[in-house]
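Trainee: I should like to take a close look at one single part of this protein. Could you please guide me through one residue and the element that holds it?

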Amino acid sequence: NNSHSDQIPDNNDTVQADIYKGGVFLGCQYGEAAMYIWAIGILAAGQSSTMTGTYSGQFVMEGFLNLQWAKWQRVLLTRSIAITPTFLVAFFDKIEDLSGMNDLLNCLMSLMLPFAVIPCISFTSNHKIMGTFKNGLFSRVFSIMLSTLVISVNVYFTISYVSGLGITNWAFILFLVIAGLLYLIFCT
């Protein structure tokens, strides 16, 4: 009874799930309202993530670049940078393709994590920077072990994602290998 019910077969066949089909499934199972609640939840999760990134960007811009802008100007600039590309892709592309973009963005974000985590662990473990508030031995070892685990899982999923794209061009594969080696050197 849902207008998108053609996306989900009415049998026990396995379906390739993604964010779009998750909402369609909820709409088919629990009514059209569930699909809209799902959409609002996905939008709220995206906004939460975006705001976290843009607030940190605002603080960096304000502190490191020593820019003294009015709060509304910083908010307007950072929100525009965050939302414009997503809006353009959503507006000019089919909604079914947004899950592929979501996978790509998750892959890219997982690769960016060490660029924030490794300096954070290094700085908070440095007595010269933190003084008496520096990480203790247990905290440092635990942070390094947890970061190593997370980075390893992210590298595995990135390799799985890129392999699944089916790209066989040797120059692209060579570029990925060199970029991957440089990335691993940075992480160690």
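Mentor: Serine 147 lies in helix α6, which covers residues 137-164. Please keep in mind that the model is predicted. With a relative accessible area of 15%, serine 147 counts as buried, because the term applies to values under 20%. Leaving aside residues up to four places away in sequence, serine 147 touches Val117 and Ile121.

Let us turn to the helix itself. Serine 147 is one of the buried residues of α6; the others in that group are Ile151, Asn154, Val155 and Thr158. What span should the 28 residues of α6 have at 1.5 Å a residue? The expected value is 40 Å, and the end C-alpha atoms of α6 are 40 Å apart, so the two agree. After α6 comes glycine 166, which has a positive phi, near 75°.

The setting of this helix may now be described. The protein chain contains seven helices and zero strands, and from the N terminus on its elements therefore read α-α-α-α-α-α-α. Of the 188 residues in the protein chain, 15% are buried. If one considers contacts in the protein chain between residues at least 6 apart in sequence, 47% of them join residues at least 24 apart. Finally, the accessible surface of the protein chain amounts to about 14,000 Å², and carbon and sulfur atoms account for 70% of that surface.

How values were computed: Residues are numbered from 1 along each chain as its sequence is written. This is a predicted model: local features need pLDDT of at least 70, side-chain atom pairs count only at pLDDT 80 or more; totals for chains, interfaces and linings use all residues. Side-chain values use heavy atoms; hydrogens and water are left out. Helices (H or I, at least four residues) and strands (E, at least two) are DSSP runs, numbered from the N terminus. Buried means under 20% relative accessible area, exposed over 50%, partly exposed in between (1.4 Å probe, protein chains only). Contact means heavy atoms within 4.5 Å. Accessible areas come from the Shrake-Rupley method with a 1.4 Å probe; for residues, only the protein chains shown count as cover. The expected span of a helix is 1.5 Å times one less than its number of residues.
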